[in-house]
Amino acid sequence: MTEGDIRILVIDDDAMRAAMIEDGLRDAGHARVTVLTDMRQLLRRITEIDPEVIVIDLGNPNRDVLDQMFQVSRSVRRPVAMFVDQSDRASMEAAVDAGVSAYVVNGLRRERVKSVLDLAISRFNAMNRLREELDRTKQALEERKVIDKAKGILMANRSLSEADAYALLRSTAMKESRRMIEVAQGLITAMKLLG
Amino acid sequence: MATENTETGPDPMRAADGVLTLGFIPLVDCAPLVVAVEKGFAAREGLRLRLRRETSWANIRDLVALGHLDAAQMLAPMPIAATLGIGRPADPTVAPLSLGLGGNAITLATDLFAAMAATAQGQSPEFARFDPAAVGRALATVLAERRSTGQEPPWLAVVHPFSGHNYEMRYWLAACGIDPDRDVRLTVLPPSRMVEAMRERRIEGFCAGEPWNSIAVAAGLGVMAITKSALWRQGPEKVLGLRTAFVERHPEPVMALIRALVAAAAWAGDPTNQDDLADLLANPAILDVPQAVLHRALTGQMQRRVGQAPEAVADFLVFSRHAATFPWVSHAQWFYAQMVRWGQVTHSSAHAEAVRGVYRPDLYRAALRETSTDLPRASAKVEGALRHTTPVASRFGTMLLGPDGFFDGQMFDPDQLEHYIGAFPAVPRNSAE
């Protein structure tokens with residue numbers, strides 16, 4: 001059996017992240033990857049898919065369902081255990097930091113599965129960074145809108161040019177040791193109150 | 001809200017300074033942890049607690065094992081399973097404190113319950129009182145009918161394989177002649193998903209902590225058929241769990257934590273604080289459900305089915321009275337007996353010995369030595385022996401323990417563990433299979 005023959009199941013209700021992991025695994029030569037984003041009938045689906053490795057988001061409440069698999073495992077020949085060796089502290093820390101966990105069928109060689117976990121960790125981390133960036137961009141965009149609105153108020157009420165309105169907001173913020181967005185928000189609120 | 005989400009890893013220096021990170025699951029019985037933070041009981045002990053809301057018991061277990069959590073609310077059987085290393089490497093874990101008694105219920109789908117009510121047993125006054133034996137007999141009749149007409153057995157869900165819920169459900173079914181591994185299909189679902197699964201008819205019943213039963217009832221999806229208090233009055237439910245190594249390394253903060261949580265449990269159990277407690281728990285960072293739903297479990301005024309007036313259920317959830325925070329070794333031994341009964345672990349004297357060291361009344365006593373909290377003299381008791389509230393020997397004279405009967409009249413004597421394990425009533429196997 002070659003590396004690529006491992007049956008991998010990715011359980012994640014975040015379809016975008018699941019797709020990222022799936023792509024990564026396929027690029028690494030794993031052809032037998034199944035993605036499950038619907039958590040209904042989870043145990044039944046896992047039994048049907050019969051994976052050798054399961055990758056799941058650490059925060060997924062259905063991890064308790066997987067715990068049940070440990071219990072029924074002997075009777076339905078599905079012995080599984082959390083993959084990472086308890087002694088492999090660094091690997092476990094990396095997985096927890098990234099927010100991912102992996103389960104593996106007993107007996108599958110650890111080093112063969114390690115590449116799967118490492119890949120999952122790196123994709124989870126990439127996704128986390130992407131999200132942070134997206135949040136920052138969104139926030140910046142929101143702040144930009146508020147500042148534009150405040151600028152408009154200043155331009156209309158004090159007959160300032162756009163550049164001067166911006167400069168006034170900035171110098172006020174500096175004088176008061178506040179962020180520009182706070183000054184802009186205060187101005188908008190004040191204008192609302194004044195009608 | 002003082003609750004913080006923190007991504008920091010293990011930090012032993014901080015524990016030594018009284019900064020502890022505690023995990024909890026959004027259920028009514030996380031109350032002592034929340035109260036300890038919000039009502040100043042932790043601060044009074046020189047502790048700064050950071051609470052982390054978790055999404056699964058598996059996460060709680062793994063984060064405690066890795067030291068990302070110093071301690072956590074745990075299902076009462078979890079530290080036993082961790083110590084014995086069932087299905088995974090052994091990770092010695094202790095429970096120096098109980099976080100309460102009772103608080104669960106079994107809710108059955110409205111139409112399943114209606115079918116049960118239509119049977120001969122369903123007409124009895126015992127059934128009308130929600131007596132577990134009568135309700136169980138009615139369920140057995142309905143299951144037999146369904147079998148004879150070739151229908152699938154119903155799916156019932158519990159929250160975790162090592163949970164009071166799992167053992168209660170099995171205990172109840174088996175005592176009523178229903179084989180939990182054949183006559184029904186038992187599965188695991190997160191508590192927060194029970195109501196949705198019931199709505200989608202993927203399950204016909206579940207055993208979970210509050211507020212999930214009350215939410216299913218309010219939605220008209222189910223009938224709260226059995227309360228834990230009716231199956232095993234004053235039965236253990238959640239504990240504070242910590243790694244043995246952590247307790248050994250940081251005895252002082254652990255002692256302070258026990259004192260803070262005992263005081264917090266007393267506050268939570270005081271009826272005059274119920275409104276205040278409901279407000280604390282309703283917070284979006286804690287349970288994020290309406291106060292009215294939480295009031296049911298906190299007051300024991302349970303609504304059994306939609307549209308019906310709530311009825312008083314004695315000892316539905318006990319935070320503090322009747323020595324509710326005391327970690328009885330016999331509770332751990334009872335859970336172990338159930339693990340053996342249902343094939344999760346094989347019985348051995350080594351296992352039985354290890355189990356005796358998981359619940360730690362010695363730590364509880366040491367922590368409370370200088371306080372005015374009364375303590376029972378015994379560390380284990382015969383479970384199910386008390387029919388009435390009974391005075392027992394304590395360090396200040398006597399203290400009251402509540403009635404603790406099992407619904408089938410069985411008793412569990414921890415000194416007769418092997419006899420108990422050997423004497424489980426055989427489940428009748430009289431179907432066509």
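## Exercises on a two-chain model

Apart from its neighbours within four places in sequence, B:L75 is in contact (C-beta atoms, placed from the backbone, within 7 Å) with B:W57, B:H160, B:F162, B:S163, B:G164 and B:K238. The model is predicted, so that local features need pLDDT of at least 70 and side-chain atom pairs pLDDT 80 or more, whereas totals for chains, interfaces and linings use all residues. Residues are numbered from 1 along each chain as its sequence is written, and chains are lettered from A and ligands numbered from 1 in the order of writing.

### The surroundings of one residue

**Task.** Determine in which strand B:L75 is found, and whether B:L75 counts as buried or exposed.

**Solution.** Begin with the secondary structure: B:L75 is found in strand β3 of chain B, where strands are DSSP runs of E with at least two residues, helices are runs of H or I with at least four, and both are numbered from the N terminus. Next, count neighbours: a residue is buried with 20 or more other C-beta atoms within 10 Å of its own, exposed with 12 or fewer, and partly exposed in between. B:L75 has 28 C-beta neighbours inside 10 Å and therefore counts as buried. For a distant reference point take B:P391, which is 316 residues from B:L75 in sequence and lies 28 Å away in space, C-alpha to C-alpha.

### The sheet that holds β3(B)

**Task.** Establish the order of the strands in the sheet that contains β3 of chain B, and find which strands stand at its edges.

**Solution.** The sheet is open and built from five strands in the order β2-β1-β3-β11-β4 of chain B, with mixed pairing (two strands pair if DSSP finds at least two bridges between them). Its edge strands are β2 (48-53) and β4 (93-98) of chain B, each of which pairs on one side only. On average, neighbouring strands of this sheet are turned by 35° against each other, with direction ignored.

At the β4(B) edge, β4(B) pairs with strand β11 (residues 238-243) of chain B in the antiparallel sense, over four bridges. Within β11(B), B:R243 stands opposite B:T93. Finally, look for a helix on this sheet: helix α14 (residues 251-269) of chain B lies across β1 (19-24), β3 (71-75), β4 and β11 of chain B, and runs at about 35° to β4(B). Such angles run from 0 to 180 degrees between the N-to-C directions of axes, which are lines fitted to C-alpha atoms, for helices over the stretch in contact.

### A further sheet and its helix

**Task.** Work out why one side of β8 and one side of β10 of chain B are left without a neighbour in their sheet.

**Solution.** Here, too, five strands form an open sheet with mixed pairing, in the order β8-β7-β9-β6-β10 of chain B. Because β8 and β10 (222-227) of chain B stand at the edges, each has a single partner strand, and one side of each is left without a neighbour. The average turn between neighbouring strands of this sheet is 25°, direction ignored.

Further in, strand β7 (residues 155-158) and strand β9 (residues 205-209) of chain B run parallel and are joined by two bridges. The bridge partner of B:L156 in β9(B) is B:G205. Helix α6 (residues 110-117) of chain B lies across β6 (104-109), β9 and β10 of chain B, at about 85° to β6(B).

### Where the chains meet

**Task.** Find which element gives the most residues to the side of chain B that touches chain A.

**Solution.** Start from the totals: 22 residues of chain B are in contact with 22 residues of chain A. The elements of chain B that give two or more residues to this side are α4 (57-66) and β8 (185-188), and α4(B) gives the most, with four residues. Sorted by class, this side of chain B has nine nonpolar, ten polar and three charged residues; Ala, Val, Leu, Ile, Met, Phe, Trp, Tyr, Cys and Pro count as nonpolar, Asp, Glu, Lys and Arg as charged, and the others, Gly among them, as polar.

### The two chains side by side

**Task.** State how many helices and strands chain B and chain A have, and what share of each chain's residues is buried.

**Solution.** Chain B has 20 helices and 16 strands, while chain A has seven helices and five strands, arranged along the sequence as β-α-β-α-β-α-β-α-β-α-α-α. Buried residues account for 55% of the 433 residues in chain B and for 33% of the 195 residues in chain A. Among contacts between residues at least 6 apart in sequence, those that join residues at least 24 apart make up 75% in chain B and 60% in chain A. The C-alpha atoms of chain B fill a box of roughly 65 × 45 × 45 Å along the principal axes.

Methods:
Two residues are in contact if their C-beta atoms, placed from the backbone, lie within 7 Å.
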